[in-house]
Amino acid sequence: MSFDLIIKGGTLPDGNVADVGIKGDRIAAIEPRIDAEAGRVVDASGDLVSQPFVDPHFHMDATLSYGLPRINASGTLLEGIALWGELKPLLTHAAVKQRALAYCDWAVSMGLLAIRTHVDTCDDRLLAVEALLEVKKEIAPYIDLQLVAFPQDGFYRSPNARENTIRALDMGVDIVGGIPHFERTMSDGTRSVTELCEIAVKRGLMVDLHCDETDDPLSRHIEQLAYETQRLGLQGRVAASHLTSMHSMDNYYVSKLLPLIAEADISVIPNPLINIMLQGRHDTYPKRRGLTRVPEMLKAGIRTGWGQDCVLDPWYSLGTADMLDVAFMGLHVAQMSSPTDMRTCFDMVTKINAEIMGLDHLGLAVGKSASLVVLDAGNPIEAVRLRAERVCVVAKGKVVAEREKRDTALSIKGRPATINRRHIVPRHSPA
């Protein structure tokens, strides 16, 4: 048997060393050693070979717009929303598309090969919807892109948002979105959850709501979302993004809420970089971290993955499309420091995020899509610690990005000539 591409000698996330043989756009073999002809061989000896990074929560219509038309001076969520309102009338189809494609180039270079992006449906022109539908087609050979119809100014609060959201779904947007905590009243937010879920059922679509992205412990729309998911039979097709209000809720109520989320098979997508930047802005000290209860959710069996959310836009002034940055920050804020927890944080930006998005074709197994990344790290925990360089990125059978591995040269008498920061932890450390 011959292959189009063989990734030789890489270490898989489970610790096994194997060769990965690729034919066309599929993984054709994973074996300890493959002795066969190949159109190309990539040497991954000593490096981690993983399924690609996946981001289940992003805003591609706003990405790379930082500074337009001004900078978010307060750094708050509400000023970011107001700033986006100022920017929307200035958007052009060409500019939205150009910035989105530029971000996708960044994503490919970082081994990020699947993204779910929310797209604002409160602009009557639906200009960003049209632009991102075009982007989706253009990047399909190397990135799986899902679009969420997102009435950012409120499904009921914004005059034409309901109509525009339905129009966007008619145009081919994949997922029903919403923002119940931004409606004028709690009751309007509750009604919006019900109607949005009913729209999804009628169309056979998934649901992904910005849910309770606030410090208010009385923002409890996740409870309604769990109820509607059960009532309408949407189990496994619903995601709740952010859920930051839960960091302020009393423990008794949370002890009731977590089983409801688990029973409804709702996925949860916290966004640690943005959540800890935007939340707790009204606090002095003690100051809330701004992240939902991730370890408790994982313990309850709730499917939980890390999201990027924003890169260089009205809400966030940083970002590089690196999901290892996201996992690294999430690990710290959630205090997930045990080896098992750190490994879970890696899974939360690869395998678990793929499950949240329903991307069954991704994974390191024969017959799966030949999309993978070679990392300059020995294992998943080291990859998170180093935010490891992407040595090679393969998308649907084709090498789409690569860089040379190089150690840093040192000029210090009596010390090594070169250094890297990889480290082998001894089994029994000396006292």
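In which loop is the place of L312? L312 sits in the loop between α9 and α10. The model that shows this is a predicted one, and the paragraphs below go from the whole protein to single residues before coming back to that loop.

The protein contains 13 helices and 17 strands. Its C-alpha trace spans about 65 × 50 × 45 Å along the principal axes. A compact globule of 431 residues would have a radius of gyration near 22 Å, and the protein has 22 Å, so the value agrees with that of a compact globule. Of the 431 residues, 55% are buried. The contacts tell how the chain is arranged: among those with a separation of 6 or more, 76% are between residues 24 or more positions apart.

The surface comes next. The protein exposes about 18,300 Å², and carbon and sulfur atoms supply 53% of this area. There are 47 positive and 55 negative side chains. The centres of the two sets lie 3 Å apart.

Helix α3 is a useful element to look at in detail. It covers residues 127-139, which is 13 residues. At 1.5 Å a residue the helix should span 18 Å, and its end C-alpha atoms are 19 Å apart, so the helix agrees with the expected span. Which residues of α3 are buried? They are L127, A128, V129, A131, L132, L133, V135 and I139. A general point about helices helps in reading such a list. An α-helix has 3.6 residues a turn, so residues three or four places apart point the same way. The cover over the buried residues of α3 includes two helices, α2 (93-109) and α4 (161-171). It also includes the strands β7 (112-120) and β8 (144-150).

Strand β8 holds A149. Is A149 buried or exposed? Its relative accessible area is 0%, so A149 is buried. Leaving out residues up to four places away in sequence, A149 touches V119, T121, T165, A168, L169, V173, I175, V176, G177 and G178. A149 and R167 are 18 residues apart along the chain, and their C-alpha atoms are separated by 9.3 Å.

A second buried residue is L196, in helix α5 (residues 186-203). L196 has a relative accessible area of 1%, and therefore it counts as buried. With residues up to four places away not counted, L196 touches F155, V176, G177, G178 and L209. V176, G177 and G178 thus appear in the list for A149 and in the list for L196. The C-alpha atoms of L196 and D120 are separated by 15 Å, and the two residues are 76 apart along the chain.

The next features concern the backbone. Most residues other than glycine have a negative phi, and most peptide bonds are trans. Some places in this model depart from that pattern. The peptide bond from L68 to P69 is cis, with omega near -15 degrees. P69 belongs to the loop between β6 (53-58) and α1 (77-87). L64 is found in the loop between β6 and α1 as well, and its phi is positive, near 65 degrees, although L64 is a residue other than glycine. L64 has a relative accessible area of 21%, so it is partly exposed. Another cis peptide bond joins Y285 and P286, with omega about 0 degrees. P286 is located in the loop between α8 (272-278) and α9.

This leads back to the loop of the opening question, between α9 and α10, where L312 has its place. L312 is not a glycine, yet its phi is positive, at about 50 degrees. Its relative accessibility is 22%, so L312 counts as partly exposed. S317 also lies in the loop between α9 (294-299) and α10 (323-333). What is S317 in contact with, leaving aside its neighbours within four places in sequence? S317 is in contact with Y66 and L312. With a relative accessible area of 33%, S317 is partly exposed because buried means under 20% and exposed means over 50%. From S317 to R33 the chain runs 284 residues, and the C-alpha atoms of these two are separated by 46 Å.

Note on methods:
Residues numbered from 1 in each chain as written. Predicted model: local features only at pLDDT ≥ 70, side-chain atom pairs only at ≥ 80, totals over all residues. Heavy atoms only, no water. Helix = DSSP H or I, 4+ residues; strand = E, 2+ residues; numbered from the N terminus. Rg over C-alpha atoms; globule rule 2.2 N^0.38 Å. Buried < 20%, exposed > 50% of the residue type's maximum accessible area, 1.4 Å probe, protein only. Contact = heavy atoms within 4.5 Å. Areas by Shrake-Rupley, 256 points an atom, 1.4 Å probe, with all protein chains shown as cover. Lys, Arg positive; Asp, Glu negative; His and termini not counted. Charge placed at Lys NZ, Arg CZ, Asp CG, Glu CD. Expected span 1.5 Å × (residues − 1).
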